[in-house]
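Biologist: Before we discuss the assignments, I should like each label to be justified by its criterion. Shall we take them in turn?

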Amino acid sequence: MEKIMPNRLDRGFFRYQAEFEEKALEVLRSGWYVLGNEVSSFEREFASYLGAKHCVGLASGLDALWIAFRLLGIGKGDEVIVQGNTYIASVMGITINGATPVFVEPDEYYNIDASKIEEKINERTRAILVGHLYGQASNMAPIVEICRKYQLKLVEDCAQSHGAQFRGQTTGTFGDIGCFSFYPSKNLGAFGDGGAIVTNSDQIAADARIFRNYGSEKRYHNKVVGANSRLDEIQAGLLRVRLRHLNELAEEKRQF
């Protein structure tokens with residue numbers, strides 16, 4: 001019986017093989033493998049691509065989600081509204097912090113049904129988590145308005161929507177924090193695990209950079225109990241190569 005592969009990840013490598021290999025050797029020969037020029041350059045380039053002010057590279061998309069809620073101060077006793085058909089990582093981003101997910105059914109496009117959100121809001125509701133699934137942007141206009149009306153935080157799970165737009169604005173830039181995964185099967189995929197948060201808040205970005213590195217702003221000086229969640233230099237470098245080709249890769253998918 002012939003095995004049919006759901007993803008041929010090697011094809012993405014062979015298409016730009018020379019560029020990937022050149023970048024990998026460049027990073028290996030640099031002697032700097034953690035939080036160096038590749039990470040900071042990718043953060044600038046990806047933020048610019050999205051139209052966001054800041055990007056902070058992390059170890060995975062799940063880390064992006066749970067760290068986002070941690071930085072927003074959401075925890076035990078708080079509720080977060082999220083669509084019921086999202087991937088488990090979205091829910092784990094909430095529950096790891098001790099908060100409670102409150103589920104809303106999806107709309108006809110399998111994204112959160114904005115018309116069903118308000119009926120779930122109560123005095124414990126602190127945030128809405130929007131998952132943009134299958135490359136489609138959710139209906140953000142009413143969701144942004146609901147967050148303003150009830151003073152709720154807005155987090156976007158953009159693991160499947162790199163570069164997708166709603167009315168000309170890129171997903172990940174509507175809320176307080178946008179969370180991205182760079183798992184190899186994603187449109188913007190690394191060659192291992194990787195993730196990031198994007199934000200227009202200077203304070204959230206600064207806090208995220210500290211939190212991802214054991215809570216340390218300066219070596220051996222720890223402001224908070226943080227995590228070890230750093231995007232690797234080599235993955236950042238390879239992501240920079242793929243980011244250069246992301247628009248053409250997306251257009252190719254549209255043709256099919």
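Modeller: A residue is called buried under 20% relative accessible area and exposed over 50%, with partly exposed in between. Please bear in mind that this is a predicted model.

Biologist: Why is Leu28 called partly exposed?

Modeller: Its relative accessible area is 46%. Because partly exposed is the class between 20% and 50%, Leu28 falls into that class. Leu28 is found in helix 2, residues 17-30.

Biologist: What makes Leu28 a candidate for a surface patch, and which residues form the patch with Leu28?

Modeller: Patch residues need over 30% relative accessible area, and Leu28 has 46%. Leu25, Leu28, Tyr33 and Val34 form a nonpolar patch on the surface, and together they have about 350 Å² of accessible area.

Biologist: How do you know that Arg240 and Glu38 form a salt bridge?

Modeller: The closest N and O atoms of Arg240 and Glu38 are 2.9 Å apart. A salt bridge requires such atoms within 4 Å, so the pair qualifies. Arg240 lies in helix 8 (residues 233-244) and Glu38 in helix 3, so this pair ties together parts that are 202 residues apart in sequence.

Biologist: Why are Arg240 and Glu38 called buried?

Modeller: Arg240 has 16% relative accessibility, and Glu38 has 5%. Buried means under 20%, so both residues count as buried.

Biologist: What makes Arg240 and Glu45 a salt bridge?

Modeller: Their closest N and O atoms are 2.7 Å apart, which satisfies the requirement of within 4 Å. Arg240 is in helix 8 and Glu45 in helix 3, so parts 195 residues apart in sequence are tied together by this pair. Glu45 is partly exposed, with a relative accessible area of 31%.

Biologist: Which residues are linked in a network of salt bridges?

Modeller: Lys23, Glu26, Glu38, Glu45 and Arg240 are linked in this way. A search of the whole structure finds 15 salt bridges.

Biologist: How do you know that Glu79 and Arg124 also belong among the salt bridges?

Modeller: The closest N and O atoms of Glu79 and Arg124 are 3.1 Å apart, and the criterion is within 4 Å. Glu79 lies in strand 2 (residues 79-83) and Arg124 in the loop between strand 3 and strand 4 (125-131), so the pair ties together parts that are 45 residues apart in sequence. Glu79 counts as buried at 12% relative accessibility, whereas Arg124, at 39%, is partly exposed.

Biologist: What makes strand 5 and strand 8 a pair?

Modeller: Three bridges join strand 5 (residues 153-157) to strand 8 (residues 177-181). Pairing requires at least two bridges, so these strands pair; they run parallel. The bridge partner of Glu156 in strand 8 is Gly178.

Biologist: Why are strand 1 and strand 3 called edge strands?

Modeller: Seven strands form an open sheet of mixed pairing in the order 1-9-8-5-4-2-3. Strand 1 (54-58) and strand 3 (100-104) each pair on one side only. Neighbouring strands of this sheet are turned by 25° against each other on average, direction ignored.

Biologist: Which strands does helix 3 touch?

Modeller: Helix 3 (residues 37-50) packs on the sheet and touches strand 1, strand 8 and strand 9 (195-199), its direction making about 130° with that of strand 1.

Conventions
Residues are numbered from 1 along each chain as its sequence is written. This is a predicted model: local features need pLDDT of at least 70, side-chain atom pairs count only at pLDDT 80 or more; totals for chains, interfaces and linings use all residues. Side-chain values use heavy atoms; hydrogens and water are left out. Patches are made of residues with over 30% relative accessible area and no salt bridge: like charges are joined within 9 Å, nonpolar side chains (Val, Leu, Ile, Met, Phe, Trp, Tyr) within 5 Å. Accessible areas come from the Shrake-Rupley method with a 1.4 Å probe; for residues, only the protein chains shown count as cover. A salt bridge is a side-chain nitrogen of Lys or Arg within 4 Å of a carboxyl oxygen of Asp or Glu. Helices (H or I, at least four residues) and strands (E, at least two) are DSSP runs, numbered from the N terminus. Buried means under 20% relative accessible area, exposed over 50%, partly exposed in between (1.4 Å probe, protein chains only). Axes are lines fitted to C-alpha atoms, for helices over the stretch in contact, and angles run from 0 to 180 degrees between N-to-C directions. Contact means heavy atoms within 4.5 Å.
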